[in-house]
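Here's a friendly walk through this model, going from its packed inside to its open space. Have a look at the sequence and structure before reading on.

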Amino acid sequence: MILSDMDATLSCSIAKVFEGCTHRLCMWHIMSKMPSKIEADLVSNTDFKKRINQLVWNMNIKPKEFENKWDLMLNEFHLKENKWLADMFNKRDKWIPSYFRDIPMCGLMKTTSRSESSNSFFNVFSSPTNLLVNFMFNFDTALSKQRHEQKRLDIASRDTLPQLLFPNENLKIEKHASLVYTREAFIKVQKQIKKAFYQCFQKNSVLIDGLQQCTIVYKELKSGKRPEFKVSFDAKDETIECECLHFTFFGILCSHAFRILIDYDIAMIPEKYILDRWRKNIVDIGFQKINKKWRVCSTEISNLLQDATSFFEKCVESVIHDKEKLQELVNSLQQLSETCGKDVSTRSSSIPIKDVIENIIGVPISSDVKIKVPSEIKTKGSGKRSRIKSAAEKAIAKALKPKRKCKGCNQFVNHDIRNCPINPSNVLRPFKKHQ
């Protein structure tokens, strides 16, 4: 799936190049154009803004319900003749979330904000005027910051436990969620468990073809409405499906499914409903240490180094209490290290950088080639090259400006000679102080 703005050329290109891809439009770009497409009175109307935001951004609404409410809203605010809204309604399957809830996106893609935030993050460390070498150093710095933040969050998720909402209720499924999910993912799961405990209840349950077909009533706190959801549950293999498609869209079970699991006293969330992207320690700690120590980039080499380290640790653990076997292991490793040292030639630290580059690219470097820095080209939407100066910068520049010497008072001042009180031509004028 690809998200983009409403550029017509881009839409045609995506359809031709990525034939099997699903193309969707960014909701934020569309909603930001609304103030310029409708009357100013409606833009400032809080009722209209509330109605359309609740309708457009609602991910639990079904397509048929969306169409009915959209039609009622246009009739109520007399917007039937608005061409832009009519065009957006014809493209509703391209940007309204209720039309692509069945696409497993883990709730990550509704707008292009993720790419925009990535651009904003890397712009802190780089600038358009960077040379290629500067860019590579800045890029490594940015990645190091991200990896440091990831390690900090991993430590917080691994070494600490979050606060449970139901410690006295002996709710085992919440405890299990705190052990398997990362901190941020657990907060979202805990929110669904809280809704299941306080806002959901099972209306009825019927056994059909070995599946328990349950009806869950969800009580909305603000509106007081009580929509019903059909949930099918198989106790044998712990398969559970809800018609709201919350798991498909967000990657975590909904409150309706958790209500069924709680009612049937399921102590652990089924493994099939715990995605790897939300798990703790999905990247092995030993793997991180290997990459940091040897600074390898190849995944294949990293896997081999991890296997080698794992086998070594297993050997040590098996003979750690047997002195004779431990001595045999040390002798074997010593012989293996001598054999590896003979077969593999060590790299010298005094190799010229030119030879290293030639070895990497596979061709000799010619001394006649001169690579010049390309001239800057103003791209579309880049704006002015000069930065707008603040008032403080203007004041500092004015203070540093060199002063002129007045011929009347023979001092270095900034005033005009015509305003100098010592100037003979100003005798009849009122006295003016130096600026």
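**Inside the model**

The largest nonpolar core (buried Ala, Val, Leu, Ile, Met, Phe, Trp, Tyr and Cys residues joined through side-chain atoms within 4.5 Å) has 34 residues, and Tyr 181, Ile 240, Phe 258 and Ile 269 have the most contacts inside it. Among the elements that each supply at least two residues of this core are α11 (172-180), α12 (183-198) and α14 (255-263); helices are DSSP runs of H or I with at least four residues, numbered from the N terminus. A second, separate core of 23 residues includes Met 27, Met 31, Leu 42 and Leu 79.

This is a predicted model, where local features need pLDDT of at least 70, side-chain atom pairs count only at pLDDT 80 or more, and totals for chains, interfaces and linings use all residues. Residues are numbered from 1 along each chain as its sequence is written, and side-chain values use heavy atoms, leaving out hydrogens and water.

Now take α12. Its buried residues (under 20% relative accessible area, with exposed over 50% and partly exposed in between, using a 1.4 Å probe and protein chains only) include Phe 186, Val 189 and Ile 193. Seen down the helix axis, the buried residues of α12 fall within an arc of 160° (taken from the directions from the axis to the C-beta atoms), so they line one face. The face turned away from that buried side carries the exposed Glu 184, Lys 188, Lys 191 and Tyr 198.
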